[in-house]
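Trainee: Before we discuss pockets and cores, I would like to know what the terms rest on. Please start with contact.

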Amino acid sequence: MESHPNVLAVQAALENADARTSDGGAPRMVVFDEGVHTAAAAAAALGVEVGQIANSLIFDADGEPLLVLTSGAHRVDTRKVAAGLGVAKLGRATPEFVRAHTGQAIGGVAPLGHPKPVRTLVDTALAQYPEIWAAGGVPQVVFPITYAELLRVTGGAATDVA
């Protein structure tokens, strides 16, 4: 999995952004034998709190992709987010829409490493954790990063999404 094109794209994006973890090192990809398709599964596999998992959710915001990086401890309030963004319709994207805009499949969408930038919101609930974990481009791969670094490397806006 470490040589999968999506994982390589995420790793390259992290390196190009000079991303750092809580200990100041470069994020390392952690590969699981099986996919961790849910925040609960990822948290259990890593031995961390479910809230430390940054779910990467792609929404269709009036026809444009919106990436919401939300804590695995709660769900996105789509009405609240839509109102905050001033969009008429915000809904879950189809698998085809997700792949077209990220090059990645649902369950493994990373916060970066997409063919072109995607507007991104980063859940403020993630700020309480010194280390958070995000998908690495496929369901079997995750990487650690801090909240501040996640905001910086994605160009995301800190937002209360729940």
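Mentor: Contact means heavy atoms within 4.5 Å. Bear in mind that this is a predicted model.

Trainee: What does Ile 58 touch, not counting residues up to four places away in sequence?

Mentor: Ile 58 touches Leu 66, Leu 67, Arg 92, Ala 93, Phe 97, Val 98, Thr 102, Val 109 and Val 118. Each of these therefore has a heavy atom within 4.5 Å of one in Ile 58.

Trainee: Why is Ile 58 called part of a nonpolar core?

Mentor: A core joins buried nonpolar residues through side-chain atoms within 4.5 Å, and buried means under 20% relative accessible area. Ile 58 is in the largest core, of 30 residues, so it counts as buried. Along with Leu 14, Phe 143, Ile 145 and Leu 150, Ile 58 touches the most other members. Elements that each supply at least two residues of this core include α1, β2, β3 and α5.

Trainee: What makes the core with Leu 57 and Val 68 another core?

Mentor: That core, of 12 residues, lies apart from the largest one. A core is a set joined through side-chain atoms within 4.5 Å, so a set without such a link counts separately.

Trainee: How do you know that Leu 57 lines the largest pocket?

Mentor: Leu 57 is among the residues closest to the centre of that pocket, out of 27 in its lining. A lining residue has an atom within 4 Å of a pocket point, so Leu 57 has one. The volume is about 540 Å³, and β2 gives the largest share of the lining, six residues.

Trainee: How does the lining of the largest pocket divide by class?

Mentor: There are 16 nonpolar, nine polar and two charged residues.

Key: Residues are numbered from 1 along each chain as its sequence is written. This is a predicted model: local features need pLDDT of at least 70, side-chain atom pairs count only at pLDDT 80 or more; totals for chains, interfaces and linings use all residues. Side-chain values use heavy atoms; hydrogens and water are left out. On a 1 Å grid over the protein atoms alone, a cavity is a set of points where a 1.4 Å probe fits but cannot get out, and a pocket is an open set with protein on both sides within 12 Å along at least five of seven lines; lining residues have an atom within 4 Å of a point. Grid points are joined across faces, edges and corners, and a volume is the space filled by probe spheres set on the points. Helices (H or I, at least four residues) and strands (E, at least two) are DSSP runs, numbered from the N terminus. Ala, Val, Leu, Ile, Met, Phe, Trp, Tyr, Cys and Pro count as nonpolar, Asp, Glu, Lys and Arg as charged, and the others, Gly among them, as polar. Buried means under 20% relative accessible area, exposed over 50%, partly exposed in between (1.4 Å probe, protein chains only).
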